[in-house]
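Trainee: Before I rely on the labels attached to this structure, I would like to go through the reasoning behind them with you.

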Amino acid sequence: MRVSVQDEVFDFGKEAEAFTQGNKNMGAIVTFTGVVRDADQGGLVAMEIEHYPGMTHKALSEIAQTAVDRWSLGDALVIHRYGRLVPGEQIMMVATAARHRMQAFEAAEFLMDYLKSRAPFWKKEVLEDGSADWVAARDEDENALTRW
Amino acid sequence: MDILYFAWVRERIGLPHERFETRATTVSGLIDELRTREERYAAAFADLSALRVALDQELSDFDASLTGVREVAFFPPMTGG
């Protein structure tokens with residue numbers, strides 16, 4: 001299991017390949033990556049991601065360990081960036097390795113649901129007109145946790 | 001103890017971190033003390049439903065005890081992923 005909180009760009013392809021090569025006894029690998037998209041009306045210049053350095057790694061590790069235990073994963077990977085990102089850049093990725101695809105898919109969804117609402121990151125959108133707004137947490141993200 | 005603020009809570013109060021000696025025994029007691037300090041604190045802590053708290057880097061509740069706690073962090077609901 002690996003958790004990385006970083007400001008540097010990561011190479012999704014290389015990470016996915018290395019993760020797959022490291023889990024040859026597993027039949028199912030699921031990967032997900034989140035990308036900064038342009039705001040609905042256009043005009044997004046950057047996404048600034050703040051985090052709580054003393055807590056972030058620990059919180060992500062606990063979430064990942066819960067997934068590993070609950071779905072008997074062979075391995076799990078979580079990479080999450082912070083700092084200033086522009087549209088098209090990858091924010092984060094998760095990867096799960098399991099014997100069968102159901103566990104790998106479910107564990108990846110669990111990781112994503114918990115990362116959204118229980119990992120100490122906050123996003124701010126900087127727009128073309130110079131304004132900047134903190135992204136509000138959505139009720140449906142919080143509600144998504146109840147299914148687990 | 002150390003008090004940390006993140007995201008708009010940090011912006012509203014105007015600093016990311018401060019040391020504060022409190023006589024409060026719970027998080028809500030601490031919040032009551034902070035609110036009376038200055039208007040910017042009262043504004044930041046006006047609506048607790050918009051806030052979350054972590055004690056020593058673990059998510060917690062407003063009625064939690066501060067006994068033995070060294071670091072309190074206040075922030076809005078998280079938006080990771």
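Mentor: Let us begin with a rule for helices: the expected span of a helix is 1.5 Å times one less than its number of residues. Keep in mind throughout that this is a predicted model.

Trainee: What makes the span of α3(A) agree with that rule?

Mentor: The helix α3(A) has 18 residues and should therefore span 26 Å, and since its end C-alpha atoms are 25 Å apart, the two values agree.

Trainee: Which residues of α3(A) are buried, and what do they pack against?

Mentor: The buried residues of α3(A) include Q103(A), A104(A), A107(A), A108(A), F110(A) and L111(A), and they continue with D113(A), Y114(A), L115(A) and K116(A). These buried residues pack against β2 (28-35), α2, β4 (75-81), β6 (90-98) and α4 (139-143) of chain A. For L111(A), leaving aside neighbours within four places in sequence, the contacts are I63(A), A64(A), A67(A), V78(A) and V94(A).

Trainee: Which residues touch the most other members of the largest nonpolar core?

Mentor: That core has 52 residues, and the ones that touch the most other members are I63(A), A67(A), A107(A), L111(A) and F6(B). As general background, nonpolar side chains tend to be buried together in soluble globular proteins.

Trainee: How do you know that chain A is as compact as a globular protein of its length?

Mentor: We first take its content, which is 4 helices and 8 strands, arranged along the sequence as β-α-β-β-α-β-β-β-α-β-β-α. The radius of gyration of chain A is 16 Å, and the globule rule gives 15 Å for 148 residues, so the two are close and chain A is as compact as a globular protein of that length. The C-alpha trace of chain A spans about 50 × 35 × 30 Å along its principal axes, and buried residues make up 32% of the 148 residues. Among the contacts of chain A between residues at least 6 apart in sequence, 76% join residues at least 24 apart.

Trainee: What does the same reasoning give for chain B, with its 81 residues?

Mentor: A compact globule with 81 residues would have a radius of gyration near 12 Å, and chain B has 12 Å, so the value agrees. Chain B holds 3 helices and 5 strands, which run β-α-β-α-α-β-β-β from the N terminus on. Its C-alpha atoms fill a box of roughly 30 × 30 × 20 Å along the principal axes, while buried residues make up 26% of its 81 residues. Residues 24 or more positions apart account for 56% of the contacts in chain B with a separation of 6 or more.

Trainee: How many residues of each chain are in contact, and which elements of chain A take part?

Mentor: There are 21 residues of chain A in contact with 13 residues of chain B. On the side of chain A that touches chain B, the elements that give two or more residues are α2 (53-70), α3 (101-118) and β7 (121-127). Of these, α3(A) gives the most, with 5 residues. The residues on that side of chain A divide into 12 nonpolar, 4 polar and 5 charged.

Trainee: Why is A7(B) called buried, whereas Q57(B) is called partly exposed?

Mentor: A residue is buried if 20 or more other C-beta atoms lie within 10 Å of its own, and exposed if 12 or fewer do. A7(B) has 23 C-beta neighbours inside 10 Å and therefore counts as buried, but Q57(B) has 19 and so counts as partly exposed. A7(B) belongs to helix α1 (residues 7-13) of chain B and has a positive phi of about 55° although it is not a glycine. Q57(B) is found in the loop between β3 (52-55) and β4 of chain B, and its phi, near 70°, is likewise positive in a residue other than glycine.

Trainee: Why is S65(B) called partly exposed?

Mentor: S65(B) has 13 other C-beta atoms within 10 Å, so it is partly exposed, given that a residue is exposed if 12 or fewer lie in that range. S65(B) lies in the loop between β4 (58-60) and β5 (71-75) of chain B and, not counting residues up to four places away in sequence, touches T25(B) and T26(B).

Trainee: How confident is the prediction?

Mentor: The mean pLDDT of chain B is 97, with 100% of its residues at 70 or more, and the model scores ipTM 0.95 and pTM 0.94.

Notes
Residues numbered from 1 in each chain as written. Chains lettered and ligands numbered in written order. Predicted model: local features only at pLDDT ≥ 70, side-chain atom pairs only at ≥ 80, totals over all residues. Contact = placed C-beta atoms within 7 Å. Nonpolar A, V, L, I, M, F, W, Y, C, P; charged D, E, K, R; others polar. Core = buried A, V, L, I, M, F, W, Y, C linked by C-beta atoms within 7 Å. pLDDT = per-residue confidence, 0-100. Rg over C-alpha atoms; globule rule 2.2 N^0.38 Å.
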